[in-house]
Amino acid sequence: MAFFRPRVSREAEVRYHADLEISKTFPESLEQARRAERTLRELRAADADEIELLGAALAFDKTLTEALRAAEAGQWATFGVRSYDDRIARRKAKATPAGAMWTAEVERLRTLREENRMWGIPRLPRPVPAQR
């Protein structure tokens, strides 16, 4: 007696293979984020002006976003092809050691990025237009 197991959609397969390719850039993008963070911390320690801090903080945010995208792609690729269409398969995959590791990494990067956006990027006053 054979049981019918539905195939995954073509869209899920395409997204899975795209996520596999994106996830290969994770170590490189994480290292870039670490370098950007190191630069930002050095500028803060050197008491740099607000313009330099703003540029370094925005660069750190950009590299963190790239690392987060790669980590999310790695997470989805680790979950497998079925997880794109099936929420039960996604929940089961999160419970595996590899799935839990990727989920923790994604949450860590998300928290770090939000913390940088809330407190790390200096706010510069807007220029006041000249009155005529």
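For these entries I take a salt bridge as a side-chain nitrogen of Lys or Arg within 4 Å of a carboxyl oxygen of Asp or Glu. The model I am reading is predicted.

Entry 1, Asp-86 and Arg-82. I looked up the closest N and O atoms of this pair and found them 3.5 Å apart, so the pair counts as a salt bridge under the 4 Å cut-off. Asp-86 is partly exposed, at 25% relative accessibility. Arg-82 is also listed as partly exposed, at 48%. I then noted a network: Asp-61, Arg-113, Glu-114 and Arg-117 are joined by salt bridges that share partners.

Entry 2, Arg-41 and Glu-37. I found a salt bridge between these two side chains, with 3.0 Å from N to O. Both residues sit in helix α2 (residues 26-45), and because they are four residues apart there, about one helical turn separates them. I checked the accessibility of Arg-41 as well: its relative accessible area is 54%, so Arg-41 is exposed, the cut-off being over 50%.

Entry 3, Glu-72 and Arg-110. I looked up the closest N and O atoms here and got 2.4 Å for this salt bridge. Glu-72 belongs to helix α3 (residues 50-79) and Arg-110 to helix α5 (residues 97-120), so the pair ties together parts that are 38 residues apart in sequence. I wrote down 24% relative accessibility for Glu-72, which is partly exposed. For Arg-110 I have 30%, again partly exposed.

Entry 4, the total. I looked up the count for the structure, and it holds 12 salt bridges.

Terms used: Residues numbered from 1 in each chain as written. Predicted model: local features only at pLDDT ≥ 70, side-chain atom pairs only at ≥ 80, totals over all residues. Heavy atoms only, no water. Helix = DSSP H or I, 4+ residues; strand = E, 2+ residues; numbered from the N terminus. Buried < 20%, exposed > 50% of the residue type's maximum accessible area, 1.4 Å probe, protein only.
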